[in-house]
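Visitor: I have a model open and would like to ask about its parts one at a time. Please show it first.

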Amino acid sequence: MFTPAELLEINQLLIPENKIVILTHYNPDGDAIGSSLGLKHYLRAKGIEAEIVTPNDFPKFLKWMPEAKKNIIGEYKRKVAFDLIDNADVIFCLDFNSPARIGLLGDWLMRAKAKKILIDHHQQPEDFDYVYSDTIIPATCQMIYHFIEAMNDEDLVNKEIAECLYTGIMTDTGGFRFRSTSAATHRIVANLIEKGADPSVITSNTWDTNTVSRLHLLALVLGRIEVVNDGTVAVLSLTRKELQEYGFQKGDTEGFVNYGLSIVGVKMSAFFMEDLYEDFIKISFRSKDDVDVNQFSRKYFSGGGHINAAGGKSMESLPDTIETFKARVAEENL
């Protein structure tokens, strides 16, 4: 958490006269959008308005959250996004550890004169004016709640804040089943429910939103799932042609990588997908126990993230990427 002196300085920055912008990472997920909206609604409860800027669009299944559709999307409204960042007095940087993680907004962020406040749970954060980094906490949404607590503003948590923060915690913990989910996480979730978050409604709005195209793609993935390395590693993949054939939309493959971990004996799952527009392979890693996919991805696939959840990319073809992955897994004896 921020030091008491830092909290006092931040509190002095949070005034209606200051222009406040909230940024989150490229390809925003539930935790990114939930933490951004949760913070926005918290600031509004304090009488302060803020604008959320995301580098690119985010999945439809997250747009049910209060005011999610008002987010400024950088890839669609570059001038508006740039002006907001350039003229900001305070910029909150949520759920990313480096300007490199926010795509085209990164250079603008580094040039901005605003005070920059980082709240994030990824490893190896870079320098910002104020840094609240904790890699043990499973979701940035939980950190936003801790920040609200530290500001002595728990009484300001309303239904809108609760819904957004619950969504981010739920999605980033895989439905509260990842190892990083703690007793503190459950206590906060209980508080959010008391404040108006309805678990059944949020779960339905977020996860019960399958399209026929998503189910077709899932069927393809599961139909050729491969288990290697003596049954400890699962490999899943999709080609660009398959994505195009079934009308892929952003978010359609969310959670596919987790199916590999559901196989008995599997400790690591990797999902490989050809990018729809550019010649590279997107990779998602998930793992159990002490299998560190963060270090694995950093070492071999220009990525990173958390111990049990990380991402990466490859400039090789899909078949070559998968073969390289299998060779690296064998070398590491995972």
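Visitor: Which residue in strand 10 is the bridge partner of Met273?

Guide: This is a predicted model. Strand 9 pairs with strand 10 (residues 281–287) in the antiparallel sense, over seven bridges. The two strands form a hairpin with six residues between them. Within this pairing, the partner of Met273 in strand 10 is Lys282.

Visitor: In what order do the strands of the open sheet with mixed pairing stand?

Guide: Strands of a sheet pair through backbone hydrogen bonds, either parallel or antiparallel. This sheet has six strands and its pairing is mixed. Its edge strands, each pairing on one side only, are strand 7 (226–228) and strand 11 (304–305). The order is 7-8-9-10-12-11.

Visitor: In which sense do strand 8 and strand 9 pair, parallel or antiparallel?

Guide: Strand 8 covers residues 233–238 and strand 9 covers residues 268–274, with six bridges between them. Ala234 stands opposite Ser269 of strand 9, and Ser237 stands opposite Phe272. The sense of this pairing is parallel.

Visitor: What angle does the direction of helix 9 make with that of strand 8?

Guide: Helix 9 spans residues 212–223 and packs on the sheet. There it touches strand 8 and strand 9. Its direction and that of strand 8 make an angle of about 135 degrees.

Visitor: How many residues of strand 9 are buried?

Guide: On one side of strand 9, Met268, Ala270, Phe272 and Glu274 are buried. On the other side, Ser269, Phe271 and Met273 are buried as well, so both faces are covered, given that buried means under 20% relative accessible area. The count for strand 9 is seven of seven residues.

Visitor: Which strands are the edge strands of the sheet with the order 3-2-1-4-5-6?

Guide: This open sheet has six strands, and its pairing is parallel. An edge strand here pairs on one side only. That description fits strand 3 (72–73) and strand 6.

Visitor: Which residue in strand 4 is the bridge partner of Thr24?

Guide: Strand 1 and strand 4 (residues 90–94) pair in the parallel sense. Five bridges link the two strands. In strand 4, the partner of Thr24 is Leu94.

Visitor: Which strands does helix 5 touch?

Guide: Helix 5 (residues 140–150) packs on the sheet, and its direction makes about 120 degrees with that of strand 5. Helix 1 (residues 4–13) lies across strand 4, strand 5 and strand 6, at about 115 degrees to strand 6. The strands touched by helix 5 are strand 4, strand 5 and strand 6.

Visitor: At roughly what angle do the axes of helix 6 and helix 8 cross?

Guide: Two packed helices are described by the angle between their axes and the distance between the axes. The axes of helix 6 (residues 159–172) and helix 8 (residues 199–207) come within 10 Å. The crossing is right-handed, and the angle is roughly 65 degrees.

Visitor: How many charged residues are in the contact of helix 6 with helix 8?

Guide: Helix 6 contributes Glu163, Tyr166, Thr167, Met170 and Thr171. Helix 8 contributes Pro199, Ile202, Thr203, Thr206 and Trp207. By class, the contact has five nonpolar residues and four polar ones, and the number of charged residues is one.

Visitor: With which side chain does the side chain of Gln123 make a polar contact?

Guide: Gln123 lies in the loop between strand 5 (115–120) and strand 6 (130–133). Its relative accessibility is 18%, so Gln123 counts as buried. Beyond its neighbours within four places in sequence, its contacts include Asn97, Thr135 and Arg298. The polar contact, at 2.9 Å, is with the side chain of Asn294.

Visitor: Is Gln124 buried or exposed?

Guide: Gln124 is in the loop between strand 5 and strand 6. Its phi is near 60 degrees, a positive value in a residue other than glycine. Because its relative accessible area is 51%, Gln124 is exposed.

Visitor: What is the phi of Asn27?

Guide: Most residues other than glycine have a negative phi. Asn27 is in the loop between strand 1 (20–24) and helix 2 (30–45), and at 31% relative accessibility Asn27 counts as partly exposed. Asn27 is not a glycine, yet its phi is positive, at about 55 degrees.

Technical notes: Residues numbered from 1 in each chain as written. Predicted model: local features only at pLDDT ≥ 70, side-chain atom pairs only at ≥ 80, totals over all residues. Heavy atoms only, no water. Axes fitted to C-alpha atoms, helices over the stretch in contact; angles between N-to-C directions. Helix = DSSP H or I, 4+ residues; strand = E, 2+ residues; numbered from the N terminus. Left-handed = near helix turned anticlockwise from the far one by under 90°. Contact = heavy atoms within 4.5 Å. Nonpolar A, V, L, I, M, F, W, Y, C, P; charged D, E, K, R; others polar. Buried < 20%, exposed > 50% of the residue type's maximum accessible area, 1.4 Å probe, protein only. Polar contact = N/O pair within 3.5 Å; in protein donor to acceptor, adjacent residues only side chain to side chain. Pairing = 2+ DSSP bridges.
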